[in-house]
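Biologist: I'd like a close look at one helix-helix contact, with a bit of context around it. Here's the chain we're talking about.

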Amino acid sequence: QLVYPYDFRLTEKEKTSICYLSFPDSYSGGLGDTQFSFRLRQAGGQRTTHYEDDGEYNREAPLTLQRESAHYFGYVYFRQVKDSSMKRGYFQKSLVLVSRLPYVNLFQSLLQLIAPEYFDKLEPCLEAVCNEIDQWPPPVPGQTLNLPVMGVVIQVRIPSRVDKPGSSPVKQFNQENLLPAPLVLPSIHELDLFRCFQPVLIHIQMLWELMLLGEPMVVMAPSPTVSSEMVLALTSCLAPLRYCCDYRPYFTIHDNEFKEYTTRTQAPPNIVVGVTNPFFIKTLQHWPHILRVGELRMSGDLPKQVKVKKLAKLKTLDTKPGIYTSYKTFLHKDKTLIKRLLKGIQRKRPSEVQSALLRRHLLELTQSFIIPLEHYIASLMPLQRAITPWKNPPQIRPFRQEDFMKTLEHAGPQLTCVLKGDWLGLYRRFFKSPNFDGWYRQRHKEMTQKLEALHLEAICEANIVAWMKDKSEVEIVDLVLKLREKLVRARCQHLPVKEETLQQVGLYIETIIGSLPEDLQAVLHHP
């Protein structure tokens, strides 16, 4: 019915998809308000965004919170109430916030403030809210922001890449005598993991492995809320490693990718997809891992844990909750984690404390797995003494899987993790996954930039005049052009180089040009 601000350009295809994804697609007898999220592939590839600071934000934000360039996130607030004046006997409406940022807690909290007011006052309410949001500062990693909206100030800290993984959000919020007292969000994006994973706690190990390996997985849930929370919880359990596959917290039969995902002529794609329509039990039967969950209910007891079942059992529409898969885990179960969580339930420990335990466990597991890889890739970097000013920097040595495997004997995950099992098999399988590819590309890019930066520093420390003594004009002009190109690249790619180093290289270029005949000087000053 309405897009605000008016100048926000969406294609017709995107509008249609957003409409379908903004309503529960299976019968939900539940009345009242529900919230959930979705993620949508942008039509027609990447488009220029409103944000000039994308590069800067993405460089400083944790990899898991970068702004997406080819997907939108949708955060939905859906209301269904009886209304005899409506043809269908119900008032049904959704307010959706569309963003490229995965700030699920911030945006869902914002919708809780705006949506009830919007259903009451309609467009003027949105106009007022958008005017307030327009005044908000941009998200800067590491900063705590006060965001005023509708008489409330939401206070959040934007996480930064330099935060220590697993450290609890910094409590140094400046209250600045804010009146009214701000609504402080402990995290901008972290879900209540304990609540989300309640029915599958004893299988957390298996789910972590499936995510690590980028396996295709369907989450079948009774509502978009449960489906989207479970998918987001699953994709977050690898942090600080980035989950590099596609994921859809909520997916409907009207989606543009429906045919692509349900075809049986090729293997299912590496994606986690959340669905609620029972029709999918039939169409996605050929997927290798299907997690069927019921309503999430917080109870004072360990909720009924789902069982692992054979895929062949997945036949009927009234399929029982369970993990339908033939997957055998590489690592053994961690019984101590389950015992600690059980003890927490018996002692009525708050859910956020249980979630912190669970998050810490997953973080330590991921770190035990990734640290040997980080050590090995660091050893592929050329020695600093091999970087000389007048030669191109040496290449990063290639990643050889077998060489890496040999390092595991002395410096493998067993140093930091008590879990036994087939770690080697897990690494071999990981090398075939999009998550390894994504991790390796990211690291290789960072190392290449580091080499470039070290090379610029070596040039700065060199004696340029001595080098020029026995060089021909052609060689000197060639050096000027190369240095210029390096300088441009360093600025465009924001290489990790001090500003004074760049200025020094600029001065060198001027010095070299000044030593050349005037005709060449003119050409180099005005190429």
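Among contacts in the protein between residues at least 6 apart in sequence, what percentage join residues at least 24 apart? And then, please, zoom in on where H14 and H17 pack.

Modeller: Before the numbers, this is a predicted model, in which local features need pLDDT of at least 70 and side-chain atom pairs count only at pLDDT 80 or more, while totals for chains, interfaces and linings use all residues. Residues are numbered from 1 along each chain as its sequence is written, and side-chain values use heavy atoms, with hydrogens and water left out.

To your first point: 73% of the contacts between residues at least 6 apart in sequence join residues at least 24 apart, where a contact means heavy atoms within 4.5 Å. The protein has 18 helices and 12 strands; these are DSSP runs numbered from the N terminus, H or I of at least four residues for helices and E of at least two for strands. Its C-alpha atoms fill a box of roughly 90 × 60 × 55 Å along the principal axes. Of its 527 residues, 48% count as buried, meaning under 20% relative accessible area, with exposed being over 50% and partly exposed in between (1.4 Å probe, protein chains only).

Now the part you asked for. H14 (residues 434-461) packs against H17 (residues 499-514) at about 55°, with the axes 9 Å apart. Those axes are lines fitted to C-alpha atoms, for helices over the stretch in contact, and the angles run from 0 to 180 degrees between N-to-C directions. The pair is therefore oblique, given that under 35 degrees is roughly parallel, over 145 roughly antiparallel, 65 to 115 roughly perpendicular and the rest oblique. The crossing of H14 past H17 is left-handed; that label applies if the near helix is turned anticlockwise from the far one by less than a right angle, and right-handed if clockwise.

On the H14 side, the contact uses Leu 456, Glu 457, Ile 459 and Cys 460, and H17 brings Thr 501, Leu 502, Gln 504, Val 505 and Tyr 508. By class that's 6 nonpolar, 2 polar and 1 charged, with Ala, Val, Leu, Ile, Met, Phe, Trp, Tyr, Cys and Pro as nonpolar, Asp, Glu, Lys and Arg as charged, and the others, Gly among them, as polar.

Cys 460 deserves a second glance. Its relative accessible area is 16%, so Cys 460 is buried. The closest cysteine sulfur, in Cys 492, is 18 Å from that of Cys 460, too far for a bond. In fact, the whole structure has 0 disulfides, a disulfide being a pair of cysteine sulfur atoms within 2.5 Å.

As for Gln 504, a handy landmark is Phe 194: they are 310 residues apart in sequence and 54 Å apart in space, C-alpha to C-alpha. Phe 194 sits in helix H5 (residues 193-196) and is buried at 5% relative accessibility.

For another oblique pair, try H6 and H11. The axes of H6 (residues 204-212) and H11 come within 12 Å and cross at roughly 45°, and this crossing is right-handed. Ile 204, Gln 205, Trp 208 and Leu 212 of H6 meet Leu 358, His 361, Leu 362, Leu 365, Thr 366 and Phe 369 of H11. That contact has 7 nonpolar, 3 polar and no charged residues. One of its members, His 361, is buried at 11% relative accessibility. Leaving aside residues up to four places away in sequence, His 361 touches Ile 204, Gln 205, Asp 334 and Leu 337.
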